[in-house]
Amino acid sequence: MVEATDGRLRVAVVSRHRASAEALVSACERRGLAAGIARPHDLKLTEPTVVLVDGTDGTSIAGLFGFPDPVDAAPVVVLTTELPDRTRQAGRRWLHVDMAMDDLVSALTSSAERDATPSASSAGAELEAGLTSRERDVLVELVQQGDVGKVAVRLGISELTVRSHLRNLFPKLRVNSRAEAAAWALRHGLASAAREGSV
Amino acid sequence: VTTDRVLLAEPRRPHREALVEALSTHPSLQVVATADAAPTVALQAQRTRPQVVLLSPAFNGSFRAVCTSLQRLDPCPRTLAYDASDEPGALLDAIEVGVDGYLTAGTGIDALVQGAQAVARGEALVPPTMLGPLLRGLIDRQRRAAGAAARLDKLTRREREVLGHLVEGLDQQQIASRLHIAPDTARTHVQRVLRKLEVHSRLEAVSLVARLDAVEQLGRAVERNVP
């Protein structure tokens, strides 16, 4: 993990909205992170620990999928008004823009830390278990929402579909109930990922 | 040193919180309230009586609704759009709905603070580089509106009636039966209306009426003929 010399996490804020970006940077600083504004093409120079992309600045979501990888180590977190289905395909993390600044900062911190310690990373466990990306989404939302109906609303699919995803993922995790599945998710570090999916 | 009271209208929560924190470090501004949705902006403004309402780019589509609801207030606060689009068309739309100040996305917090003070003093604020396109756009729109209004004046009373029915969403058959005329006659009227208005479709004709806000004018023409 790349860190500021004083040990603080380095956040690069990418936004076309200058006033908002400056405000987000000072808000991060006030909460103990080192932060600065960066443009996509000079991200490499700033060597951030984590990149916060403002997906609400008029940049199209499609454009974000082609967003250049700044530094191999630095996760890219996108603030958005919607949580796109193809989250994992794009290799990006998405945070809903309804999130409080404090929660945003903890999510950025946990994103950076999760990448820094691959052994604790959730990616390994979920891949090993053979979950599809959609099953993972359902599981993450299940932990967060605690209710099949809310998961369905959240993901924009029917309750029946949620149940069917859950039925398919139970044997993969070798569990027999939603509670056990949720416990599995917590044990394997998907719980902190759940914060991202949450509002 | 005077302190200007501002209301921050920003639906995006992290941005809202971050901007409130950033603005509160400036002694010349006091954030008296925030609003997270277009309909609550005027309510908050009525309650807290700010001098300036700062408009988030996320409200770009609702500038008209927000400004209209603010204009009904007494005293009526002034408005400043920040992080706004640098498209001349977007600026033109904003000015037309009554935005007092407009800062584009490249403008930082300090300029936003100064802008809010300027707007509170009663100044209008437009990026100097966009002033040319803005004036050209305003003149152009006015000229086009005047042209369209003149074309509308060329319609006969019967044609106005037909256009009025088009705006109501009636089709040819329905217009014919409403006016007690043959469908072919209705068709001829419609064709003539389109030709006189210099448009190519009924949709265009309807949209022209809507743009001119001339619906009532046509309605009166229709009512006069109702027995």
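Here are three short exercises on a predicted model, each with a worked solution.

**Exercise 1. The contact between two chains**

Work out how much area is buried between chain B and chain A, and which parts of chain B supply the residues that touch chain A.

*Solution.* Let's begin with size. The size of an interface is often given as the accessible area lost when the parts come together. Between chain B and chain A that area is about 1500 Å², with carbon and sulfur atoms giving 58% of it.

Next, count the participants: chain B brings 19 residues to the contact and chain A brings 21 residues. On the chain B side, the most area is lost to chain A by Pro14(B), His15(B) and Glu21(B), which together account for 32% of what that side buries.

Now look at the polar links. There are 2 salt bridges between the chains. Glu21(B) takes part in a salt bridge with Arg30(A), where the closest N and O atoms are 2.2 Å apart. The chains also share 13 residue pairs in polar contact, both residues at pLDDT 80 or more.

Finally, place the residues on the fold. Helix H1 (13–24), strand S4 (78–84) and helix H5 (109–120) of chain B each provide at least two residues of the side that touches chain A. H1(B) gives the largest share, 8 residues. By type, this side of chain B splits into 9 nonpolar, 4 polar and 6 charged residues.

**Exercise 2. Helices H7 and H10 of chain B**

Find the angle at which H7(B) and H10(B) pack, and classify their arrangement.

*Solution.* Two packed helices are described by the angle between their axes and the distance between the axes. For H7 (residues 157–168) and H10 (residues 202–212) of chain B, the angle is about 95° and the axes are 9 Å apart. Angles of 65 to 115 degrees count as roughly perpendicular, so H7(B) is roughly perpendicular to H10(B).

Which residues meet? Leu163(B), Leu166(B) and Val167(B) of H7(B) face Arg202(B), Ala205(B), Val206(B) and Val209(B) of H10(B). Sorted by type, that is 6 nonpolar, no polar and 1 charged.

**Exercise 3. Helices H8 and H9 of chain B**

Repeat the analysis for H8(B) and H9(B): how do they cross, and which residues make the contact?

*Solution.* The axes of H8 (residues 172–179) and H9 (residues 183–197) of chain B come within 8 Å and cross at roughly 110°. That crossing makes H8(B) roughly perpendicular to H9(B).

From H8(B), the contact uses Gln172(B), Gln173(B), Ile175(B) and Ala176(B); from H9(B), Pro183(B), Ala186(B), Arg187(B) and Val190(B). These residues divide into 5 nonpolar, 2 polar and 1 charged.

Technical notes: Residues are numbered from 1 along each chain as its sequence is written. Chains are lettered from A and ligands numbered from 1 in the order in which they are written. This is a predicted model: local features need pLDDT of at least 70, side-chain atom pairs count only at pLDDT 80 or more; totals for chains, interfaces and linings use all residues. Side-chain values use heavy atoms; hydrogens and water are left out. Axes are lines fitted to C-alpha atoms, for helices over the stretch in contact, and angles run from 0 to 180 degrees between N-to-C directions. Helices (H or I, at least four residues) and strands (E, at least two) are DSSP runs, numbered from the N terminus. Angles under 35 degrees count as roughly parallel, over 145 as roughly antiparallel, 65 to 115 as roughly perpendicular and the rest as oblique. Contact means heavy atoms within 4.5 Å. Ala, Val, Leu, Ile, Met, Phe, Trp, Tyr, Cys and Pro count as nonpolar, Asp, Glu, Lys and Arg as charged, and the others, Gly among them, as polar. Buried area is the accessible area (1.4 Å probe) that two parts lose on being put together, summed over both. A salt bridge is a side-chain nitrogen of Lys or Arg within 4 Å of a carboxyl oxygen of Asp or Glu. A polar contact is a pair of N or O atoms within 3.5 Å; within protein, one must be able to donate a hydrogen and the other to accept it, and residues adjacent in sequence count only if both atoms are side-chain atoms.
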